[in-house]
Amino acid sequence: MSTLRHAVTVAAPAETVWRVLTDFAAYPEWNPFIPEIAGELKEGARLRVRIAPPGSSPMTFRPRVLEVAAPRTFRWLGHLLVPGLFDGEHRFRIEPLQGQCRFTQEEEFRGVLASLFLRWIGASTERGFAAMNESLKSRAEAMSRRV
């Protein structure tokens with residue numbers, strides 16, 4: 001089991017960050033790593049997620065939403081072909097701080113092929129997390145300044 005993680009401090013309230021994170025229709029406007037999510041944001045629902053890791057080919061998968069706890073947590077679980085082969089539990093966490101918040105994006109990989117695939121996709125996935133987090137930060141801070 002391996003975990004990739006990237007966190008950023010955002011000068012905006014948790015509610016604003018949550019609004020940016022969960023506005024799937026706007027992802028093509030700002031999100032370089034996950035340019036598309038379709039589906040209902042509710043526990044048990046299936047999403048259609050397209051990721052575009054820097055330097056790698058885009059891929060689409062259909063994870064199941066595990067948790068939605070506004071404005072703090074959103075988690076999903078995806079599988080490659082069948083559960084147990086290569087599974088990824090993706091988490092977005094928002095932690096309020098004084099007048100700002102901390103946004104963390106992480107994924108825990110497990111399964112028979114996890115270590116093999118991570119050698120192949122790990123570095124580009126981490127760069128994708130960083131790019132998305134910085135874009136989310138910019139968008140949320142701009143929204144917060146307009147209010």
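User: How do I read a salt bridge here, and which atoms count?

Analyst: A salt bridge is a side-chain nitrogen of Lys or Arg within 4 Å of a carboxyl oxygen of Asp or Glu. In this predicted model, Glu 108 and Arg 110 make a good first case: their closest N and O atoms are 2.6 Å apart.

User: Is Glu 108 buried or exposed?

Analyst: Buried means under 20% relative accessible area. Glu 108 has 17% relative accessibility, so Glu 108 counts as buried. Its partner Arg 110 is at 26% and counts as partly exposed.

User: Which other side chain meets Arg 110 in a salt bridge?

Analyst: That would be Glu 89, with an N to O distance of 3.4 Å. Arg 110 belongs to strand 8 (residues 100–110) and Glu 89 to strand 7 (residues 87–97), so this pair ties together parts 21 residues apart in sequence. Glu 89 is buried, at 11% relative accessible area.

User: Where does the salt bridge of Arg 91 lead?

Analyst: To Glu 106, at 2.9 Å from N to O. Here too distant parts of the chain are linked, with Arg 91 in strand 7 and Glu 106 in strand 8, 15 residues apart. Both Arg 91 and Glu 106 are buried.

User: How many salt bridges does the structure hold, and which residues do shared partners join?

Analyst: There are 13 salt bridges in the structure. Through shared partners, one network takes in Arg 5, Glu 67, Arg 75, Glu 89, Arg 91, Arg 93, Glu 106, Glu 108 and Arg 110.

Methods:
Residues numbered from 1 in each chain as written. Predicted model: local features only at pLDDT ≥ 70, side-chain atom pairs only at ≥ 80, totals over all residues. Heavy atoms only, no water. Helix = DSSP H or I, 4+ residues; strand = E, 2+ residues; numbered from the N terminus. Buried < 20%, exposed > 50% of the residue type's maximum accessible area, 1.4 Å probe, protein only.
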